[in-house]
Amino acid sequence: MDLSVNLAPRHKVELLLRNPVMTASGTFSNGIEIGKHFDLGALGAIISKGTTIQPRKGNPTPRTVETAAGMINAIGFQNIGVGALISTLCPVWERWDVPAIVNIMGYTLEEYGTLAARLDGVPGVAGLEVNISCPNVEAGGLEFGQDPHHAAAVVREVAGATSLPFLVKLTPSVADVRPIAEAVARAGAHAISVTNTIPAMAIDAKRRRPVIANGFGGLSGPAVKPIAMRNVFLSSSVVDIPVVASGGIMTGLDAVEFIMAGATAVQVGTATFLDPAAPWNILREIEEWCAAEGVDRIEEIRGVARRTD
Ligand SMILES: Cc1cc2nc3c(=O)[nH]c(=O)nc-3n(C[C@H](O)[C@H](O)[C@H](O)COP(=O)(O)O)c2cc1C
């Protein structure tokens, strides 16, 4: 059975995955802890925690809460900063038999370019995932990912700073994901991740206050799956670069459904909070599903749900 996928088929540096199962940024740390217990080499790729130029402590706690069919988080990009990532994590990733993709986030256009340039050519880095769900301080706080022009500007900045293949992670906080997907594809993104968490909040009736110290956070888990599904379906119908699905993938069948909607690969996030073995279980379930359905190549089912005949 051939489950291999290429996330940058048109780029001079390809991003080849042995199968479509990836870990989602921020739900897997940087793989060091989980790598002691599970075979990372069995997965398609791993994605780092969102990385900024400077180290960040993140938001005050509580910054996660379980909700019906999901969770809300407001971690606030706690991370060690790109310098420490390069000196401490990349040498470890270089020894691993799995592509490591660094998720980057800037607060200005220039910061995205700086991050991409610093990671260019660093051994152990197979590609980048560019998170554009961050408020653009230069544009009065609107997220980069909510405006096609700002989103395209980030892509051009990154493309000009690195030869690494890169995915752009879209926000679901838009009326229509298609203009954003088209804009980033046209500007040179090699793939898109669809989508990030959905802004949300929870109230603690006993304390009569928001549960999350910061007030708001991002919703993830099964609750967001149908929304992510629509966004994958719509965006993959307008771009010809790979779409990587993210949002509520808990089982192999969830992954199969996203691939039928048009996804080339899938990211497993919140599921690992329930069971750290979730990415491996999902991979096994995809294999079992393909075997039962007589599917020899995962490509055979990609986008079939979009067919109109
Ligand atoms: C605790 C937590 C931290 C996250 N941190 C990041 C991050 O640093 N960068 C990013 O692009 N997405 C981040 N995400 C979003 C996930 O990568 C994923 O896109 C989202 O949770 C939807 O997938 P899921 O429903 O499978 O969790 C985070 C999600 C969670 C739950």
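In the predicted model, Pro199 is positioned opposite Gly218, a residue of strand S14. Strand S14 spans residues 217–220 and pairs with S11 in the antiparallel sense, the two being joined over 3 bridges. This pairing belongs to an open sheet of 4 strands, arranged in the order S5-S6-S14-S11 with antiparallel pairing. The edges of the sheet are occupied by strand S5 (64–67) and strand S11 (198–200); each has a single partner strand, so one side of each remains without a neighbour in the sheet. On average, and with direction ignored, neighbouring strands of this sheet are turned by 35° against each other.

A helix pair was examined next. Helix H2 (residues 109–119) packs with helix H3 (residues 148–161) at an angle of about 30°, and their axes lie 8 Å apart. Angles under 35 degrees count as roughly parallel, and H2 and H3 are therefore roughly parallel to each other. Their crossing is right-handed. On the H2 side, the contact involves Leu109, Tyr112, Gly113, Ala116 and Ala117, which meet Ala153, Val154, Glu157, Val158, Gly160 and Ala161 of H3. By residue class, the contact of H2 with H3 comprises 8 nonpolar, 2 polar and 1 charged residues.

The surroundings of the ligand were also analysed. Around the ligand there are 25 residues, of which Gly26, Gly50, Ser220, Gly269 and Thr270 come nearest. The shell around the ligand divides into 16 polar, 7 nonpolar and 2 charged residues. Ser220, one of the residues that come nearest to the ligand, falls within the range 217–220 of strand S14.

Key. Residues numbered from 1 in each chain as written. Predicted model: local features only at pLDDT ≥ 70, side-chain atom pairs only at ≥ 80, totals over all residues. Near = placed C-beta within 6 Å. Nonpolar A, V, L, I, M, F, W, Y, C, P; charged D, E, K, R; others polar. Axes fitted to C-alpha atoms, helices over the stretch in contact; angles between N-to-C directions. Parallel < 35°, antiparallel > 145°, perpendicular 65-115°, else oblique. Left-handed = near helix turned anticlockwise from the far one by under 90°. Contact = placed C-beta atoms within 7 Å. Pairing = 2+ DSSP bridges.
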